[in-house]
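Please open the model in your viewer with side chains available as sticks, and follow the selections below in order.

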Amino acid sequence: MEKEVIILGIESSCDDTSAAVIRDGVLLSNVIASQKVHEEYGGVVPELASRAHQQNIVPVVDTALKRAGVTKKQLSAIAFTRGPGLLGSLLVGTSFAKGLALSQGIPLVEVNHLQGHVLAHFVEDGEGREKPAFPFLCLLVSGGNSQIVLVKAYNDMEIIGQTIDDAAGEAFDKCAKVLGLPYPGGPWIDKLAKEGNPEAYVFAKPQIAGYNYSFSGLKTSFLYTLRDMLREHGVETVDELAERIPNLREDLCASIQKTVVEILMKKLRQAAKDLRINTVAVAGGVSANSALRAAFIDYGKRYHAKVFIPPFSFTTDNAAMIAEAGYFKFLDGQFCPLEAVPFAKTKI
Ligand code: KG4
């Protein structure tokens, strides 16, 4: 009988410490410790993130192994996120992975975080979800990235479009901050938008060639709209303005959300049309957005396309996707040397 392949995945690229175990391609556990420490600063503080990873990593890995019913000695390899991400954070996961691999005498597999997000669609979690067939287009939208990825195979991906400035999640977070909403603002925008009118406000949309995105102008347009309203009403804060304009925050959230989703879908639609690809997927933190999920479903119906939307548990950073990517690489015999160092920025 063939020996089982058991992969431990470790993810520490930003502010979530996560560990997952996959046996012969089937997910056994996926543990995520989020870091609350950043909330009061309105954004991730890199130094605090790496310190929190140091505190979390041992209990998170331990819990993932216990939940999977697997011991360290049974592991075939350790997959870890090498980049892109925050260097200090990546260093914690990378060093831990190296130490554990060395102590157990098993190989290390490096995983590109962005490829991990795409491969989240292949995690076998017992729900019997269909997997996308190659080639497909994946809209990868998170706090740090907005890309259209042409996925030709597990190990063959090409970025055909990406943001030239802010990411979609960043735009949501920055607009939310201006409205005085907590960090991360994306989920708050989503929540308030449900009570708002998406046609209430109109924001400038970028005119960028090809499949690239831009969100910094949109953020400025949002800011100016609010600034003009403050002037008009002779008030200084958003709270004061909200007392004068009913449903202010809800309408602004619904309108900005609609605009971001329209910008994202327009380029994806164009790319799918040009490349004659009718399978599209969405991945990354912003794929939790209800309007974006609805737009994908609508796209599928309208264009008779196959659409793949990840379950909520795989939208944000998680180690299940890293273990999955690591599993494919393990089968291909793609290992990484102990000297490997993390990287902050990379292409897919
Ligand atoms: O992939 P991810 O967890 O990691 C980073 O890239 O950091 O993405 C986080 C991003 C944040 O910008 C957050 O505001 C956004 O995803 N996000 C959302 C929603 N849930 C998370 N944006 C809009 N609507 C949501 N429901």
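Begin with Phe136, which in this predicted model has 0% relative accessibility and therefore counts as buried. Keep Phe136 on screen and add Phe134, whose relative accessibility of 31% makes it partly exposed, because buried residues must fall under 20%. The two rings, Phe134 and Phe136, have centres 5.9 Å apart and planes at an angle of 25°, and since stacking requires planes under 30 degrees apart, the pair counts as stacked.

Next, select Tyr154 together with Phe328, a second stacked aromatic pair, in which the distance is 3.8 Å centre to centre and the planes stand at 20° to each other. Colouring by secondary structure helps here: Tyr154 sits in the loop between β7 (146-153) and β8 (156-162), while Phe328 belongs to helix α10 (residues 319-332), so that this contact ties together parts lying 174 residues apart in sequence. Tyr154 is partly exposed, at 33% relative accessibility, whereas Phe328, with a relative accessible area of 14%, is buried.

Now widen the selection to Phe122, Phe134, Phe136, Tyr154, Tyr327 and Phe328, which ring pairs link into a cluster. Across the whole structure, the search finds twelve aromatic pairs.

Finally, turn to the places where an arginine meets a ring. Select Arg227 and Tyr224, where Arg227 lies over the face of the tyrosine at 4.2 Å from the ring centre. Then move to Arg293 and Phe312, where Arg293 lies over the face of the phenylalanine, at 4.0 Å from the centre of that ring.

Note on methods
Residues are numbered from 1 along each chain as its sequence is written. This is a predicted model: local features need pLDDT of at least 70, side-chain atom pairs count only at pLDDT 80 or more; totals for chains, interfaces and linings use all residues. Side-chain values use heavy atoms; hydrogens and water are left out. Rings of Phe, Tyr and Trp (its six-membered ring) pair if their centres lie within 6.5 Å; planes under 30 degrees apart count as stacked, over 60 as edge-to-face and the rest as tilted. Buried means under 20% relative accessible area, exposed over 50%, partly exposed in between (1.4 Å probe, protein chains only). Helices (H or I, at least four residues) and strands (E, at least two) are DSSP runs, numbered from the N terminus. A charge sits over a ring if NZ of Lys or CZ of Arg is within 6 Å of the ring centre and within 35 degrees of the ring normal.
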